[in-house]
Amino acid sequence: MVMKSKSLGLDPLYWQAVDFVVKKNCVSIEEIQREFDIEWQRANRLINELELTGVISGSDYDGNRNVFGFPTRLEWREVSSGKDNEDYFSRDRYTNVLKLDKGKAVIYQDFYNRGFSEKPEFIIDIHDDLDKYSSVNLGSVDERLKHAYLSSYWSRETIVAFHYDEEISTLFIDVDLPEIEDTPVSNGERLKTAEEYFHDYARHVHAVILRVSGIAFRVCPEVQFVVTAGYSQIFNHDTGNEDDRYLINSRLNREKFERLPIKNIAKCDPIQYLSGFDVLVNMSNNNKMNAIELRW
């Protein structure tokens, strides 16, 4: 049986190639080949990936490609982790797409449910990859954050919109969270109790907030504060419509965030960890998250 893993389905050298080419005005296959000491075929594949993800243009008569900048569109795929990886670029799951809206950069998933025949897996903790992100010096804060959030995998549709205020060194993030209905009602052996069901959703919401905040601190040393507001679509019994209602509002500071080694943060219970920061939530005794009014 071939095990499956979720990845971007890109060459492992892809992000190193991005960091290499964004310093240039144009690039060629031969430059990629020399820089990474790889065969021409692999360099050509890297060039094609950079072109498909909007980092570079198509080639001119001399084989050069103009460099546009960090990618604005990346596709997440289900990729075989076995030796025979002939379907390396098959099984599209969804596409992370970048757009600009009213001064904010928005990372959203295009055709997220494409190809699903049943409810996809729902991972409670998604902040365990924080240690893979590190500070980079290429590009502005906005560019580095676009780079990082575009490359992030989400177990369910999670839309991240952000704006950096340089004057106060603060990043403001709005997160459109997965709905509670996306939480499995079974743990694989039995149906969950209401408390367990609500707790799993609350833990995932806190993990999302910890992840987007932690990525910002890791990628951008200039960012001193991260203010995050997470909302979801909740049915309004008075109107019969689904309204956007905020469920969590947090304000994290770098000094406190860095007191714990990043590997330990990645293993923390996100609810317990964030309770040590300025976080506004309204959870009932049975762990259900209720709507709040934003504080920050």
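The following paragraphs describe a helix pair, a small set of paired strands and an aromatic contact in a predicted model.

Two packed helices are described by the angle between their axes and the distance between the axes. For helix α1 (residues 14-21) and helix α3 (residues 40-52), the packing angle is about 70 degrees, and the axes lie 10 Å apart. Because angles of 65 to 115 degrees count as roughly perpendicular, α1 and α3 are therefore roughly perpendicular to each other. On the α1 side the contact is formed by Y14, A17, V18 and V21, whereas α3 contributes L46, E49 and L50. Classified by residue type, this contact of α1 with α3 comprises 6 nonpolar residues and 1 charged residue, with no polar residues.

Helix α3 is also involved in a second packing arrangement, with a sheet. The sheet is open and consists of 3 strands in the order β2-β4-β3, with antiparallel pairing; its edge strands, β2 (26-27) and β3 (56-59), each pair on one side only. Between β3 and strand β4 (residues 65-67), which run antiparallel, there are 2 bridges, and S59 has R65 of β4 as its bridge partner. Against this sheet, α3 touches β2, β3 and β4, and the direction of α3 makes about 120 degrees with that of β3.

Aromatic pairs in the structure number 6. One of them is formed by Y273 and F277, whose ring centres are 5.3 Å apart and whose planes enclose 50 degrees, so that the pair, falling between the limits of 30 degrees for stacked and 60 for edge-to-face, counts as tilted. Both residues of this pair, Y273 and F277, are buried.

Key. Residues are numbered from 1 along each chain as its sequence is written. This is a predicted model: local features need pLDDT of at least 70, side-chain atom pairs count only at pLDDT 80 or more; totals for chains, interfaces and linings use all residues. Side-chain values use heavy atoms; hydrogens and water are left out. Axes are lines fitted to C-alpha atoms, for helices over the stretch in contact, and angles run from 0 to 180 degrees between N-to-C directions. Helices (H or I, at least four residues) and strands (E, at least two) are DSSP runs, numbered from the N terminus. Angles under 35 degrees count as roughly parallel, over 145 as roughly antiparallel, 65 to 115 as roughly perpendicular and the rest as oblique. Contact means heavy atoms within 4.5 Å. Ala, Val, Leu, Ile, Met, Phe, Trp, Tyr, Cys and Pro count as nonpolar, Asp, Glu, Lys and Arg as charged, and the others, Gly among them, as polar. Two strands pair if DSSP finds at least two bridges between them. Rings of Phe, Tyr and Trp (its six-membered ring) pair if their centres lie within 6.5 Å; planes under 30 degrees apart count as stacked, over 60 as edge-to-face and the rest as tilted. Buried means under 20% relative accessible area, exposed over 50%, partly exposed in between (1.4 Å probe, protein chains only).
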